Every structure is written in structure tokens, then in C-alpha cells.
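The following exercises concern charged side-chain pairs. Please examine the sequence and the structure before reading the solutions.

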Amino acid sequence: MSATNLKRTLVGMVVSDKMDKTVTVLVERKVKHSLLGKVLRVSKKYHAHDENNEFHQGDLVSIEECRPLAKTKSWRVTKLVEKSQAV
């Protein structure tokens, strides 16, 4: 098994691109409540490395786990899934 298969990948929406070479990605997942059985939307924000500042707010991107690049940044943007509709 290669090392690339062991990296976690997530898909989320870019909510901030104000930092240099970093974007904030909001990842939402659906979780069933253990007692009530209701399906809840749970979200978490990740700081991801964007080397060329090419991803902008509203873009749907794929991120993968990598070595720590900063205090809060240990994810890297791998590809653009869907471009933002904003002009």
C-alpha cells in the first residue's frame, strides 16, 4: 500500500481566502444523533495550503492531509471540484 492512499481527503467550500497562500475550508458532514435518530449537519473549518493563491471564496475544493506547514495548517488543497458562481 502506498503512502498516498493513507492520506485523508475531504471536500469542502472555501469560506475565506484573505491570507497569503492559505484558504479556510468549511467541511460539512451528516451525522445521525445516537439517541434521537435525527440527521444533523456537523461542520468544521480547516486551514489549507494554497501555494499560488488560485482558490477563492465560494469554490468547492478537495483537500488532503499533509505534514504540519504552520501552527494551524496541516492540509493541502489538491484540486478544484467546482468553481464559484459569483462574478
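**Exercise 1.** Determine whether K21 is buried, partly exposed or exposed, and identify the partner of its side chain.

*Solution.* The model is a predicted one. K21 has a relative accessible area of 32%. Because partly exposed covers values between 20% and 50%, K21 is partly exposed. The side chain of K21 forms a salt bridge with that of E51, at 3.2 Å from N to O. K21 belongs to the loop between β1 and β2 (22-32), and E51 to the loop between β3 (39-49) and β4, so the pair ties together parts 30 residues apart in sequence. E51, at 43% relative accessibility, also counts as partly exposed.

**Exercise 2.** Locate the salt bridge between E65 and R8, and classify both residues by accessibility.

*Solution.* The side chains of E65 and R8 meet at 3.0 Å, N to O. E65 is in strand β4 (residues 60-65), whereas R8 is in the segment before β1 (9-16); the pair links distant parts of the chain, 57 residues apart. E65 is partly exposed, at 27% relative accessibility. R8 is likewise partly exposed, at 48%.

**Exercise 3.** Which parts of the chain does the pair of K83 and D59 tie together, and is D59 buried or exposed?

*Solution.* A salt bridge joins the side chains of K83 and D59, at 3.7 Å from N to O. K83 lies in the segment after β5 (73-82) and D59 in the loop between β3 and β4, so parts 24 residues apart in sequence are tied together. With 46% relative accessible area, K83 is partly exposed. D59 has 1% relative accessibility and therefore counts as buried, the cut-off being under 20%.

Definitions and conventions: Residues numbered from 1 in each chain as written. Predicted model: local features only at pLDDT ≥ 70, side-chain atom pairs only at ≥ 80, totals over all residues. Heavy atoms only, no water. Salt bridge = Lys/Arg side-chain N within 4 Å of Asp/Glu carboxyl O. Helix = DSSP H or I, 4+ residues; strand = E, 2+ residues; numbered from the N terminus. Buried < 20%, exposed > 50% of the residue type's maximum accessible area, 1.4 Å probe, protein only.
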